[in-house]
Amino acid sequence: MVLLTLNTHSHAEENYREKLCAFVKAIADIKPDIIALQEVNQSIGKTEVKNPPRFTPPDDKTVVKSDNHALCVINMLAEIGIEYYWSYKNIKKGYDVFDEGIAVLSKSRITEAVCFT
C-alpha cells in the first residue's frame with residue numbers, strides 16, 4: 001500500500017495553480033492508494049457544490065465550496081482518467097477568508113467518514 005500525506009497550504013500558497021498541477025502530476029505518477037491532506041482550503045465566499053463527485057461527507061454540516069482544494073485535485077485527476085473517492089471536513093477559519101480543513105482521498109470507495117473534532 002502506498003500512502004501519501006501532505007500539508008497542502010493550498011490557496012494560501014504562492015503560485016498555487018502551478019503547485020496544484022505539479023501535485024496532480026505527482027499523484028498520477030506515484031498512484032498512491034490513500035492520500036491524507038491537511039490545510040485543505042476553500043474560499044468562504046465561493047458557492048457550495050451540491051453532490052460533489054465520489055464524495056462521502058463526514059457529517060451533515062460539511063459544505064464543499066467550488067474552489068475546495070481536494071475537489072480541484074479530484075477533478076483534475078478525473079480529467080486524465082484517474083478516479084479517487086474522498087472526504088473533507090472543514091476545521092477552522094484561515095486568514096479570515098478560507099475554510100481550512102482535512103481531506104482523505106482513496107482509490108477504494110469510502111463507505112463511511114467520521115471526523116472527531
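Hi everyone. Two strands count as paired here if DSSP finds at least two bridges between them. Keep that in mind as we look at this one, which is a predicted model.

Let's start with the sheet. It is an open sheet of 4 strands in the order 1-2-4-3, and the pairing is mixed. Strand 1 (3-7) and strand 3 sit at the edges, each pairing on one side only. From one strand to the next, the twist averages 25°. Strand 3 and strand 4 (residues 98-106) run antiparallel, and 9 bridges join them. Within that pairing, tryptophan 86 stands opposite leucine 105 in strand 4. Helix 2 lies across strand 2, strand 3 and strand 4, and runs at about 120° to strand 2.

Now, the aromatic rings. How many aromatic pairs do we count? There are 2. One brings us back to tryptophan 86, which forms a tilted pair with phenylalanine 55, at 4.5 Å centre to centre and 55° between the planes. Phenylalanine 55 lies in the loop between strand 2 (34-43) and helix 2 (69-79), while tryptophan 86 is in strand 3 (residues 85-94), so this pair ties together parts that are 31 residues apart in sequence. Are these two rings buried or exposed? Phenylalanine 55 is buried, at 15% relative accessibility, and tryptophan 86 is buried too, at 0%.

The other pair is tyrosine 95 with phenylalanine 98, edge-to-face, with 6.4 Å between centres and 90° between planes. Here the partners part ways: tyrosine 95 is exposed, with a relative accessible area of 55%, whereas phenylalanine 98 is buried at 10%.

That's my tour, thanks for listening!

Technical notes:
Residues are numbered from 1 along each chain as its sequence is written. This is a predicted model: local features need pLDDT of at least 70, side-chain atom pairs count only at pLDDT 80 or more; totals for chains, interfaces and linings use all residues. Side-chain values use heavy atoms; hydrogens and water are left out. Rings of Phe, Tyr and Trp (its six-membered ring) pair if their centres lie within 6.5 Å; planes under 30 degrees apart count as stacked, over 60 as edge-to-face and the rest as tilted. Helices (H or I, at least four residues) and strands (E, at least two) are DSSP runs, numbered from the N terminus. Buried means under 20% relative accessible area, exposed over 50%, partly exposed in between (1.4 Å probe, protein chains only). Axes are lines fitted to C-alpha atoms, for helices over the stretch in contact, and angles run from 0 to 180 degrees between N-to-C directions. Contact means heavy atoms within 4.5 Å.
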